[in-house]
Amino acid sequence: MKAKQKIKNTFLILTAILGFSLHTSSQNPVITEKYTADPAAIVHNDTVYLYAGHDEAAHDFHFYNLNEWLIYSSTDMVNWREEGNFPVTEFEWARGDAWAAEVIEKDGKFYWYVTVHHKDVDGKAGKAIGVAVADSPVGPFKDAIGAALITNNMTTDIDIDWDDIDPTVYIDDDGTPWLFWGNSKCYYAKLKDNMIELDSPIMEIEGLSNFTEAPFIHKKGDYYYLTYAYEFPEKTAYAMSKSIEGPWEFKGILNEIAGNCNTNHQAILEYKGKDYFIYHNGGIPTQGGSFRRSVCIDYLHYNPDGTLKRVQMTSEGVKPAK
Ligand code: CA
């Protein structure tokens, strides 16, 4: 009995050591308790906050079913804690659909730009962009306007009701906030300092090869990067510029089609000296897929000339950030 117990204890210790070593990287997808899509991420007080849509489609339902967004935090990019949720019902003018969103901090407040479906009133039916605001990165978030910031009928060049989706906001070095969004066309406009009103006409970026949706702006060194979902099924492609107002030079594909998923949606983040590419795939066995997506994280690498190396999507994910 004693010998048996000893063997058992040794086995348990070995299992614990092995288990520990297996979890020294994140293992993609990083969130497995729930299906999560369309990641956005910020760093605040040395903590990363991850915001994602909650995919709730049943396994036999072949379209999007998202009714809330989820908030997670991490201090190492590997271990994530769920901080709460944000229901789409906060936007009383919306019919539903908690689609892709972006969060940004400005002057101690946190602004959450969301895609939702506008109720059929005053010619505003269709996908629309709203803004919520909070004093903390984990909320509580409240509708900042009480109405949509962007509605489908504000952009009429294209006859679809889902071209006003996927907002992203970038605050330029001079303090000017810029809103980018779009499906099929990439729109942009200047925002007022209050973050909830446009401060320019709506403009359109030309020359983005096969632009589908999901624009995202970030800056590194002297260059601005506009990454976006390219073709369909979606890859992620990118363009570079020396100015937020362009001209943008198309640079090619950054990320290939993500496993078992026809969309691709990126957030790019620098944290504790490393660069990260946050995206989603349909990789959770056995019911993961295009409508049951999962957030993943891999490294992003720059070439010496500022261009981006192709993302290498991995099962192992990233190592704990120190
Ligand atoms: Ca429109």
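**Figure 1. Surroundings of Glu68 in strand 3 of the predicted model.** Glu68 lies within strand 3, which spans residues 66-74. Glu68 is buried but forms no salt bridge; Lys34, the nearest side chain of opposite charge, is 5.1 Å away, and a salt bridge would have to fall within 4 Å. The side chain of Glu68 instead has polar contacts with two side chains: that of Asn85 at 2.5 Å and that of His54 at 2.7 Å. Beyond its neighbours within four places in sequence, Glu68 is also in contact with residues including Gly53, Glu56, Phe86, Pro87, Val88 and Ala98.

**Figure 2. The largest nonpolar core.** This core comprises 34 residues, and Met77, Trp80, Leu254, Ile278, Ile297 and Leu300 have the most contacts inside it. At least two core residues come from each of strand 2 (47-55), strand 3, strand 15 (235-241), strand 17 (267-271), strand 18 (274-281) and strand 19 (294-299). Another core, of 29 residues, lies apart from it and has Phe86, Ala94, Ala128 and Phe141 among its members.

**Figure 3. Contacts of Ile297.** With neighbours within four places in sequence set aside, Ile297 touches Met77, Trp80 and Ile278, among others. Its contacts also include Ser26, Asn28, Val30, Tyr276, Phe277, Tyr279, Gly317 and Val318.

**Figure 4. Coordination of the calcium ion.** Asn152 and Thr155 each coordinate the ion through O and a side-chain atom, OD1 and OG1 respectively. Asp163 contributes two OD donors and Asp164 one, with distances of 2.3 to 2.7 Å. Along the chain, the donors follow the spacing N-x2-T-x7-D-D. Thr155 counts as buried because its relative accessibility is 5%, and Asp164 counts as buried because its value is 0%.

Terms used: Residues are numbered from 1 along each chain as its sequence is written. This is a predicted model: local features need pLDDT of at least 70, side-chain atom pairs count only at pLDDT 80 or more; totals for chains, interfaces and linings use all residues. Side-chain values use heavy atoms; hydrogens and water are left out. Helices (H or I, at least four residues) and strands (E, at least two) are DSSP runs, numbered from the N terminus. Buried means under 20% relative accessible area, exposed over 50%, partly exposed in between (1.4 Å probe, protein chains only). Lys and Arg count as positive and Asp and Glu as negative; His and the chain ends are not counted. A polar contact is a pair of N or O atoms within 3.5 Å; within protein, one must be able to donate a hydrogen and the other to accept it, and residues adjacent in sequence count only if both atoms are side-chain atoms. Contact means heavy atoms within 4.5 Å. A nonpolar core is a set of buried Ala, Val, Leu, Ile, Met, Phe, Trp, Tyr and Cys residues joined through side-chain atoms within 4.5 Å. Donors are N, O and S atoms within 2.8 Å of the metal (3.2 Å for Na, K and Ca); water is not among the atoms, so sites may look incomplete.
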